[in-house]
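This report introduces a protein structure to a reader who has not met it before. Please keep the sequence and the three-dimensional view at hand while reading.

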Amino acid sequence: MPEKKIITVFGATGAQGGGVARAILEDSNSEFAVRAVTRNPDSDKAKELAAMGAEVVKADIDDKESMKRALDGAYGAYLVTFFWAHFSPEKEYEEAKSMAEAAKEAGLEHVIWSTLEDTRKWVPLDDDRMPTLQEKYKVPHFDAKGEADNFFTDLGVPTSFLRASFYWDNFIYFGMGPKKGDDGKYYLTLPMGDKKMAGIASEDIGKCAYGIFKRGKEMIGKTVGVAGDQLTGQEMAQAMTKALGQDVTYNSISPETYRGFGFPGADDLGNMFQFYRDFDQVCNSVRNVNFSKELNPELKSFDSWLAENGKRIPME
């Protein structure tokens, strides 16, 4: 039996990286082996991956030498950063630069870089329809990733550029689910107007990425957006009503109102939703549900995700 090709997965205990690692490990016929990178090999999630057959290694994306060691002898890598750990686009930009350089030096044959749009291409900094944040960004957690795409291209790293969609898991973990109003009714509050937003189950991002690795060379240089559905706020509220057995009303607000909610990152997310709303054609044309299904035949629709996870959404 030929030796399996190693995919080094960064963020292997997180949502995206963990999904990639599990997708490969759960396929007993896979041509790939997983080298799972984590800062804490003793964590429960790291031990779980090891039990599934992953090689778990300690490395840090802020330590380039440790990254190079994690990439040594690998065929490919899944590269992802996590903005919400530090809220610094500059840090994320530097991390991406180090990743691209390490991937180039390691001679990898296929890299997937988890990126997003640089929204400033559509909303320049002097465009006052959307406030400029941190002096240099419109949507900080998008823009630095998108700008960093150039590192991979300029260095000639064989890269597929993966753009994820809104995680439906946010309804469970980040307080974005329906809230009870003063009138006792439940409201799903989003600043999306009547526009459709691409969404996906976080685990499906990893499964789609695995599909990209399986296709190999034909995917290099391509930008692939993944989504399980494209729905309006109204359609999401209707689906929740049906799945949760509780009436949920869509509460469409302005991005200005959302930015004013005051929680950490509210301004960034308010701008993100405004970008999704005002440039829905741009966002949705890249995030192709049918192609995502080709990459990942198990792709969940919002209805099927709710059927499995709806009971986990806190109804406050």
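The sections below treat the sheets, the helices packed against them, a helix pair, one residue and one pocket.

## Basis of the report

The structure is a predicted model.

## The parallel sheet

Seven strands make up an open sheet with parallel pairing, and their order is β3-β2-β1-β4-β5-β6-β11. At its edges stand β3 (55–58) and β11 (223–225), each of which pairs on one side only. From one strand to the next, the twist averages 20°.

Within this sheet, strand β2 (residues 32–38) is joined to β3 in the parallel sense over 4 bridges. One residue of this pairing is Ala36, whose bridge partner in β3 is Val56.

## Helices on the parallel sheet

Helix α3 (residues 64–71) packs on the sheet and touches β1 (5–9), β2, β3 and β4 (76–79). The direction of α3 makes about 160° with that of β2.

Helix α5 (residues 140–155) lies across β4, β5 (110–115) and β6 (159–163). Relative to β5, helix α5 runs at about 165°.

## The mixed sheet

A further open sheet consists of 3 strands in the order β7-β10-β12, and its pairing is mixed. Strands β7 (166–167) and β12 (229–231) each have a single partner strand, so one side of each is left without a neighbour in the sheet.

Strand β10 (residues 197–200) pairs with β12 over 3 bridges, in the antiparallel sense. In this pairing, Gly199 stands opposite Asp229 of β12.

## The surroundings of Asp229

Which residues does Asp229 touch, not counting residues up to four places away in sequence? They are Trp168, Met197, Ala198, Gly199, Val289, Ser301 and Phe302. Among these contacts, Gly199 is also the residue that stands opposite Asp229.

Asp229 belongs to strand β12. From Asp229 to Glu26 the separation is 203 residues in sequence and 24 Å in space, taken from C-alpha to C-alpha. Glu26 reappears below, as one of the residues that line a pocket.

## The pair of helices α8 and α13

Helix α8 (residues 233–244) packs with helix α13 (residues 302–309) at an angle of about 40°, and their axes are 10 Å apart. The crossing of α8 past α13 is right-handed.

On the side of α8, the contact is made by Met236, Ala239, Met240 and Ala243. On the side of α13, Phe302, Asp303 and Leu306 take part. By class, the residues of this contact comprise 6 nonpolar, no polar and 1 charged. Phe302, which belongs to this contact, is also among the residues touched by Asp229.

## The second largest pocket

The second largest pocket holds about 160 Å³ of space. Its lining is formed by Ala23, Glu26, Asp27, Lys207, Tyr210, Gly211, Lys214, Leu295, Asn296, Pro297 and Glu298.

Which helix gives the largest share of the lining of this pocket? Helix α7 (residues 202–215) does, with 4 residues. The lining as a whole has 4 nonpolar, 2 polar and 5 charged residues.

Notes: Residues are numbered from 1 along each chain as its sequence is written. This is a predicted model: local features need pLDDT of at least 70, side-chain atom pairs count only at pLDDT 80 or more; totals for chains, interfaces and linings use all residues. Side-chain values use heavy atoms; hydrogens and water are left out. Two strands pair if DSSP finds at least two bridges between them. Helices (H or I, at least four residues) and strands (E, at least two) are DSSP runs, numbered from the N terminus. On a 1 Å grid over the protein atoms alone, a cavity is a set of points where a 1.4 Å probe fits but cannot get out, and a pocket is an open set with protein on both sides within 12 Å along at least five of seven lines; lining residues have an atom within 4 Å of a point. Grid points are joined across faces, edges and corners, and a volume is the space filled by probe spheres set on the points. Ala, Val, Leu, Ile, Met, Phe, Trp, Tyr, Cys and Pro count as nonpolar, Asp, Glu, Lys and Arg as charged, and the others, Gly among them, as polar. Axes are lines fitted to C-alpha atoms, for helices over the stretch in contact, and angles run from 0 to 180 degrees between N-to-C directions. A crossing is left-handed if the near helix is turned anticlockwise from the far one by less than a right angle, and right-handed if clockwise. Contact means heavy atoms within 4.5 Å.
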